[in-house]
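Please walk through this structure step by step. Keep the sequence and the 3D view open while reading.

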Amino acid sequence: MELGWLLWGAAVLLLLHVLMGLSPAVNFALRIGFYSFLCLLASALTAPVCLLVNGGRTVKNMRIIRAVVRTFKYFFGLRFEVKGLENFKVEGPAIIVSNHQSILDMMGLMEILPDNCVQVAKKELMYAGTVGLIIYLGGVIFINRKSTTDAKMVMAEVAKSMTADNVKVWVYPEGTRNCTGDLLPFKKGAFHIAVQAQVPVIPVVYSSFTSFYNPKTKLFTSGKIKVEVLPPIETKGLTSDDVSDLTDRCFHTMRETLFRLSGRPSESKKSS
Ligand SMILES: CCCCCCCCCCCCCCCCC(=O)SCCNC(=O)CCNC(=O)[C@H](O)C(C)(C)COP(=O)(O)OP(=O)(O)OC[C@H]1O[C@@H](n2cnc3c(N)ncnc32)[C@H](O)[C@@H]1OP(=O)(O)O
Ligand SMILES: CCCCCCCC/C=C\CCCCCCCC(=O)OC[C@@H](O)COP(=O)(O)O
């Protein structure tokens with residue numbers, strides 16, 4: 001009986017091995033499929049725990065979600081090397097901005113997520129099955145990217161409530177995933193909130209995934225991700241006229257850091 005199970009296990013492993021050897025596309029699909037499955041399953045199991053412990057939608061659930069997601073990296077052979085965590089120790093609310101490369105970012109996010117911090121997400125994620133449920137329970141702020149007016153209204157509300165509720169807000173200022181090893185131009189929403197609420201902006205940079213993860217070439221192996229939390233940029237006294245400068249400053253600092261962490265020649269030496 002036991003030998004039977006062992007043989008079945010060996011056969012499945014062999015099949016996976018052959019499939020992966022045959023095609024990087026199959027390997028990629030299997031690993032992304034497994035990641036999605038893990039997210040859906042873990043969310044289904046974690047949601048009742050969140051409800052039992054904290055009763056409903058609250059940022060306190062993020063601690064539970066964080067603890068669960070932090071185990072995911074072991075399944076994919078990912079390692080994080082984190083620097084600058086002391087920069088999160090600002091008293092009270094802040095806006096955290098980071099680069100966004102992939103759905104895998106949720107692991108990097110949870111690796112360093114400070115307490116009392118919610119993210120801004122596209123509202124479509126609310127309908128991603130149990131994942132939608134868990135991020136709803138975690139207090140994530142949903143925006144409608146198809147309506148600038150709607151999104152701006154929600155962001156303005158966030159600016160008001162984050163000080164009252166003493167929460168930090170995590171925004172991906174590129175507004176979408178981008179796995180090219182560079183940054184997309186930043187949208188200004190995060191910086192408007194920071195100025196409206198007069199709270200600091202804390203930039204966070206993850207090194208480029210391209211050496212181990214690339215959806216275009218179907219590459220997905222194990223790898224190391226360097227993460228750096230940069231010093232807070234103060235916004236006290238700034239007005240809406242300063243938002244463009246603040247955005248540019250943050251963009252350039254983060255881009256330089258991204259290139260440095262990814263071992264890529266800096267702007268001036270770059271040809272493409
Ligand atoms: C237990 C198991 C668990 C399993 C796994 C799950 C765990 C995960 C938990 C955590 C979940 C995290 C989920 C993360 C998801 C990430 C995303 O979804 S990223 C996509 C969504 N986010 C964003 O888009 C944020 C960045 N975007 C912006 O900030 C945008 O500016 C915008 C507010 C969305 C508006 O965008 P758009 O409509 O494109 O308009 P713009 O061109 O940017 O702006 C037009 C104009 O308006 C000005 N402006 C913008 N915002 C404001 C504002 N708040 N107040 C005033 N004015 C504003 C802007 O400056 C422009 O004017 P200008 O004159 O051109 O400057
Ligand atoms: C009943 C419905 C079932 C739906 C099943 C959905 C399956 C998806 C399940 C798990 C996938 C893992 C999701 C982890 C959360 C990822 C958040 C994320 O990275 O969103 C992308 C968003 O930032 C930007 O979106 P775009 O790049 O603009 O696009």
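## The two ligands and what surrounds them

Around ligand 2 there are 14 residues, and the closest of them are Ser36, Cys39, Gly129, Thr176 and Arg177. The model is a predicted one. Which helices supply at least two residues each to the shell around ligand 2? They are helix 2 (24–54), helix 5 (105–112) and helix 6 (129–137). Helix 2 gives the most, with three residues. Sorted by class, this shell holds seven nonpolar, four polar and three charged residues.

Ligand 1 is surrounded by 37 residues, and Ala121, Thr148, Lys187, Gly189 and His192 are the closest. Several elements supply at least two residues each to this shell: helix 2, helix 3 (61–69), strand 3 (117–122), helix 6, helix 7 and helix 8. Which helix gives the most to the shell around ligand 1? Helix 7 does, with five residues. The shell around ligand 1 divides into 22 nonpolar, ten polar and five charged residues.

Helix 7 and helix 8 also pack against each other. Two packed helices are described by the angle between their axes and the distance between the axes. For helix 7 (residues 148–165) and helix 8 (residues 189–197), the angle is about 40° and the axes are 9 Å apart. Their crossing is right-handed. On the side of helix 7, the contact is made by Ala151, Met155, Ala156, Val158, Ala159, Met162 and Thr163. On the side of helix 8, Gly189, His192, Ile193, Gln196 and Ala197 take part. The residues of this contact comprise eight nonpolar, four polar and no charged ones. Gly189 and His192 thus appear in two settings: they are among the closest residues to ligand 1, and they belong to the contact of helix 8 with helix 7.

Next comes the sheet. It is open and consists of seven strands in the order 1-9-6-2-5-3-4, with mixed pairing. Why do strand 1 (78–83) and strand 4 (141–143) each have one side without a neighbour in the sheet? They stand at the edges and have a single partner strand each, so one side of each is left without a neighbour there. Neighbouring strands of the sheet are turned by 25° against each other on average, direction ignored.

Strand 9 shows what mixed pairing looks like. With strand 1, strand 9 runs parallel, and six bridges join the two. Arg79 stands opposite Lys224 in strand 9. With strand 6, the sense changes: strand 6 (residues 201–206) and strand 9 (residues 223–229) pair in the antiparallel sense over three bridges. Here Val204 stands opposite Val229 in strand 9, and Val205 stands opposite Glu228. In a regular strand the side chains alternate between the two faces of the sheet.

Finally, there are the record's annotations. An unreviewed UniProt entry lists residues 94–209 under "domain: Phospholipid/glycerol acyltransferase". In the model, residues 94–209 are 38% helix and 20% strand, and their end C-alpha atoms are 27 Å apart. The unreviewed entry also lists residues 35–56 and 125–143 as "transmembrane region". Residues 35–56 are 91% helix and 0% strand, with end C-alpha atoms 26 Å apart. Residues 125–143 are 47% helix and 16% strand, and here the end C-alpha atoms lie 10 Å apart.

Methods. Residues are numbered from 1 along each chain as its sequence is written. Chains are lettered from A and ligands numbered from 1 in the order in which they are written. This is a predicted model: local features need pLDDT of at least 70, side-chain atom pairs count only at pLDDT 80 or more; totals for chains, interfaces and linings use all residues. A residue is near a molecule or strand if its C-beta atom, placed from the backbone, lies within 6 Å of it. Helices (H or I, at least four residues) and strands (E, at least two) are DSSP runs, numbered from the N terminus. Ala, Val, Leu, Ile, Met, Phe, Trp, Tyr, Cys and Pro count as nonpolar, Asp, Glu, Lys and Arg as charged, and the others, Gly among them, as polar. Axes are lines fitted to C-alpha atoms, for helices over the stretch in contact, and angles run from 0 to 180 degrees between N-to-C directions. A crossing is left-handed if the near helix is turned anticlockwise from the far one by less than a right angle, and right-handed if clockwise. Two residues are in contact if their C-beta atoms, placed from the backbone, lie within 7 Å. UniProt positions are given in the numbering used here, feature names are shortened, and annotations may be inferred rather than shown by experiment. Two strands pair if DSSP finds at least two bridges between them.
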